[in-house]
Amino acid sequence: MNEAVSKSLFQPDILADPFDFYEEKRAESPIFFDEASGTYVVLDYDLISEAVGRLDDFSNNFNALLSGGKSDEELANDTEVQAIQAKGFPQVNTLLTADQPVHTRFRKLVNLAFSMPKVNKLEDSMREMSNELIDNFIGKGECEFVSEYAIPMPVRTIAVQLGLDVADASTIKRWTNAFVDRLSGMMTRERQLETEREVVEYQHALKANMDERRKEAKDDILSDLVNAQVDGERPLDDAESLSIVQQLMVAGNETTTAALAEGMRLFATNPDQYKKIQDDPSLIPNAVEEVLRMSSGSSGIWRVMHRDAELGGVMLPKGAMV
Ligand code: HEM
């Protein structure tokens, strides 16, 4: 087989370190068609910015990807999956996969829960949790940074933010793994069914928490969400609230775990840069931005073509994944 055809951005070895592949492809063209995955990949900052702004051409509704690339018809015919899903709540488009004007409505409600004072209030508990995790390994003189810090820190933070029990962090991680695995498109059938069951388990556990907050609000995002109302609109229903919390849980820890781990790796391999921030901690915010720029834990965003449209001289057909 022709190597150029078989090489895909989504091969595990390329995903692990995609930068040479990006360079190679970008030298040929700012947009290439990844045949193995059927995806148009845009590699140019200006074209990406343009695409993200062209809301009539590029849709956020990439649910086909979230369901492992299966069509609505294939999903409807999968009776085993349907039977599990019937025990839970319908999955609806709210933030990440919604287009305007639906997106705007949800975003306004979520913004209320993410106001600057509310986010700032988290700082003390984050500091405390961070110190606790570091205390667990500081005496050893070494640590396995990903499992001992980069995973637990974001999961605990999102648990506190949502108002869930930090003691349940491993359950929250298990639920988010279920959501993330569905994105991979590489699950065995057994794992697929397990993730479906875990999603339903998540839905019922969160629903119980949300019902409690409706009776008695607490100082947490869950209370803010279920009781939020703007511009006289109706409050979120259960399926909508569950979808938003699911997205916050996944987005709030996967990305941050990757950013922490990459940041630590970059400092470990660039000790001169580490020395700079040790000598002058005011450089830390810029260092964080630089870690995200050099090695983002979320190096791609998805769009689906609403209609045939051209970008950077390439015609992208209606329905294409970009
Ligand atoms: C280093 C950390 C993070 C990175 C690199 C990151 C990256 C991104 C990117 C690239 C998008 C846009 C996707 C698109 O346009 O298709 C996004 C959306 C989103 N992120 Fe993050 N994120 C991070 C942390 C977080 C955290 C901590 C939370 C929540 C606590 C969060 C919640 C969300 C939500 C809810 C969306 C969807 C927003 C919307 O559609 O209105 N993210 N993130």
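**Close-up views of a predicted model**

The shell of residues around the ligand divides into 9 nonpolar, 5 polar and 2 charged. The model shown in these views is predicted.

**View 1. The ligand and the residues around it.** The ligand is surrounded by 16 residues, of which Leu 95, His 103, Arg 107, Thr 255 and Arg 303 come nearest. Oxygen atoms of the ligand are approached by both backbone and side-chain atoms, as the following distances show. A polar side-chain atom of His 103 is 2.6 Å from an oxygen atom of the ligand. For Arg 303, the distance from a polar side-chain atom to an oxygen atom of the ligand is 2.8 Å. Leu 95 uses its backbone: an N or O atom there lies 3.3 Å from an oxygen atom of the ligand. Two or more residues of the shell come from each of α8 (102-113) and α16 (238-269). Helix α16 gives 6 residues, the largest share of the shell.

**View 2. The cis peptide bond before Pro 101.** Gln 100 and Pro 101 are joined by a cis peptide bond, with omega at about 0 degrees. Most peptide bonds are trans. Pro 101 belongs to the loop between α7 (79-85) and α8. Helix α8 is one of the elements that give two or more residues to the shell around the ligand in View 1.

**View 3. The crossing of α10 and α12.** A pair of packed helices is described by the angle and the distance between their axes. Here the axes of α10 (residues 123-138) and α12 (residues 152-162) come within 10 Å and cross at roughly 150 degrees. The crossing of α10 past α12 is right-handed. On the α10 side the contact is formed by Ser 125, Met 126, Met 129, Ser 130, Glu 132 and Leu 133. On the α12 side, Pro 152, Met 153, Arg 156, Thr 157 and Val 160 meet them. Sorted by class, the residues of this contact are 6 nonpolar, 3 polar and 2 charged.

**View 4. Gln 161 in α12.** Gln 161 lies in helix α12, the helix that α10 passes in View 3. The relative accessible area of Gln 161 is 14%, so this residue counts as buried. Beyond residues up to four places away in sequence, Gln 161 touches Phe 114, Leu 122, Asp 220 and Ile 221.

**View 5. Asn 253 in α16.** Asn 253 is part of helix α16, which also gives 6 residues to the shell around the ligand. Asn 253 is buried, because its relative accessible area is 0%. The side chains of Asn 253 and Lys 173 are joined by a polar contact of 3.4 Å. With neighbours within four places in sequence left aside, the contacts of Asn 253 are Pro 154, Val 155, Lys 173 and Thr 176.

**View 6. Lys 118 and Asp 224.** Lys 118 is found in helix α9 (residues 116-120). With a relative accessibility of 34%, Lys 118 counts as partly exposed. Its side chain and that of Asp 224 form a polar contact of 3.2 Å. Not counting residues up to four places away in sequence, Lys 118 touches Leu 112 and Ala 113 as well as Asp 224. Val 245 is 127 residues from Lys 118 in sequence, and their C-alpha atoms are 17 Å apart in space.

**View 7. Ser 170 and Met 187, in α13 and the loop after it.** Ser 170 has its place in helix α13 (residues 169-184). A relative accessible area of 56% makes Ser 170 exposed. From Ser 170 to Arg 307 the C-alpha separation is 42 Å, with their positions 137 residues apart along the chain. Met 187 is found in the loop between α13 and α14 (189-215). At 26% relative accessibility, Met 187 counts as partly exposed. Leaving aside neighbours within four places in sequence, Met 187 is in contact with Asp 181, Arg 182, Gln 192 and Thr 195.

**View 8. Ser 299 in the loop between α18 and β4.** The loop that holds Ser 299 lies between α18 (284-294) and β4 (304-305). Ser 299 is exposed, with a relative accessible area of 53%. Ser 299 and Asp 46 are 253 residues apart in sequence, and the distance between their C-alpha atoms is 15 Å.

Methods. Residues numbered from 1 in each chain as written. Predicted model: local features only at pLDDT ≥ 70, side-chain atom pairs only at ≥ 80, totals over all residues. Heavy atoms only, no water. Near = heavy atom within 4 Å. Polar contact = N/O pair within 3.5 Å; in protein donor to acceptor, adjacent residues only side chain to side chain. Helix = DSSP H or I, 4+ residues; strand = E, 2+ residues; numbered from the N terminus. Nonpolar A, V, L, I, M, F, W, Y, C, P; charged D, E, K, R; others polar. Axes fitted to C-alpha atoms, helices over the stretch in contact; angles between N-to-C directions. Left-handed = near helix turned anticlockwise from the far one by under 90°. Contact = heavy atoms within 4.5 Å. Buried < 20%, exposed > 50% of the residue type's maximum accessible area, 1.4 Å probe, protein only.
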